[in-house]
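Trainee: Could you pick one spot in this model and walk me through it closely, working outward from there? I'd like one connected story, not a list.

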Amino acid sequence: MAAAQGQFSDHSDDAERNAVPRAFRQAVDAFAAARLRPEIEVEHTRPPQRLAPHAYALEAAVVSDGEDLADGRLVLLHDPSGHEAWKGTFRLVTLVRAELEPEMAADPLLPEVCWSWLTGALEARGLFHGEAGGTVTRAGSHYFGALAERRAATQIEIRASWTPLEGRDGVPDTAAHLAAWCDLLCQVAGLPPSGPDASSGVVSLPQRRGPHAR
């Protein structure tokens, strides 16, 4: 397992950092404490605008032998005044996607299984959370004409958000939430579990049809 520190960077200058609340700065800095599998590549990216007064975003990919097996985005939102829908001052928003074998994507229980992976990843790390919601989408592409030689492609996409429990200092354990999110990425990518919980019976997707182009 590799620490996330050094795999991503915050391009904000000192003046900008000093203009944001202490709790948000600490939550962002804590991301660097997450210990991630070596197949995970993480980097800072431009966060969405207007969703909250303060936002920070990461992009990650599961890479094996130079090929992307899954990728996603994790956004940390913060509103010091609190948000009625969040029932808290912090919110995590994610997008995860991977390409699957068509026969696997045809499983009618696949959306429920994928959603259980998200909640299970949080619970496995003892992370209490609230107001979780989202969608699981599967989409298929069939090629014709000059592209007819390509195999049909099916993609699974998980969009979700949840409110992390804040500690006594008002800061959620963002390092643990990042690690849990990367656990989800690895499951969607079809990697076998690793670490002390490798034999816990967690089920990953079988081999998908191929990696994403980088």
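Mentor: Let's start from leucine 92, which is found in strand S6; helices (H or I, at least four residues) and strands (E, at least two) are DSSP runs, numbered from the N terminus. Before going on, keep in mind that this is a predicted model, where local features need pLDDT of at least 70, side-chain atom pairs count only at pLDDT 80 or more, and totals for chains, interfaces and linings use all residues. Residues are numbered from 1 along each chain as its sequence is written, and side-chain values use heavy atoms, with hydrogens and water left out.

With a relative accessible area of 1%, leucine 92 is buried, meaning under 20% relative accessible area, whereas exposed is over 50% and partly exposed lies in between (1.4 Å probe, protein chains only). That fits its strand: eleven of the 13 residues in S6 are buried. Leaving out residues up to four places away in sequence, leucine 92 touches Leu74, Val75, Leu76, Ala160, Ser161, Trp162, Pro164 and His177, a contact being heavy atoms within 4.5 Å. Take serine 161 from that list: it is 69 residues from leucine 92 along the chain, yet their C-alpha atoms are separated by 5.4 Å. The whole protein leans the same way, as residues 24 or more positions apart account for 67% of its contacts with a separation of 6 or more.

Now for the pairing around S6. The bridge partner of leucine 92 is tryptophan 162 in S8, and a little further along, leucine 95 stands opposite arginine 159 in S8. Altogether nine bridges join S6 to S8, and the two run antiparallel; strands count as paired if DSSP finds at least two bridges between them. S5 also pairs with S6 in the antiparallel sense, over nine bridges, and here aspartate 71 has arginine 97 of S6 as its bridge partner. S5 and S6 form a hairpin with four residues between the strands, where lysine 87 takes a positive phi near 60 degrees.

Zoom out and you get an open sheet of six strands in the order S3-S4-S5-S6-S8-S7, with antiparallel pairing. S3 and strand S7 (129-141) stand at the edges with a single partner strand each, so one side of each has no neighbour in the sheet. From one strand to the next, the twist averages 15 degrees. H4 packs on this sheet, touching S6, S7 and S8, and its direction makes about 145 degrees with that of S7 (axes are lines fitted to C-alpha atoms, for helices over the stretch in contact, and angles run from 0 to 180 degrees between N-to-C directions).

What about the core? The largest nonpolar one has 49 residues, with Ile40, Val62, Leu178 and Trp181 making the most contacts inside it; such a core is a set of buried Ala, Val, Leu, Ile, Met, Phe, Trp, Tyr and Cys residues joined through side-chain atoms within 4.5 Å. Elements giving it two or more residues include strand S6 (88-100), strand S8 (153-164), helix H2 (22-30) and helix H5 (174-189). H5 gives the most, twelve residues. A second, separate core of five residues includes Ala52, Ala57, Leu77 and Trp86.

H2 is worth a stop too. Ala23, Phe24, Ala27 and Val28 are buried in it. Down the axis of H2, its buried residues fall within an arc of 130 degrees, so they line one face of the helix; the arc is that of the directions from the helix axis to the C-beta atoms. Their cover includes S6 again, along with S4, S5 and H5.

Just past H2 comes the last piece. The structure holds one aromatic pair: phenylalanine 31 and tyrosine 56, stacked at 5.9 Å centre to centre with 20 degrees between the planes. Phenylalanine 31 is in the loop between H2 and strand S2 (35-36), tyrosine 56 in strand S4, 25 residues apart. For pairs, ring centres of Phe, Tyr and Trp (its six-membered ring) lie within 6.5 Å; planes under 30 degrees apart count as stacked, over 60 as edge-to-face, the rest as tilted. Phenylalanine 31 is buried at 1% relative accessibility, and tyrosine 56 is buried at 4%.
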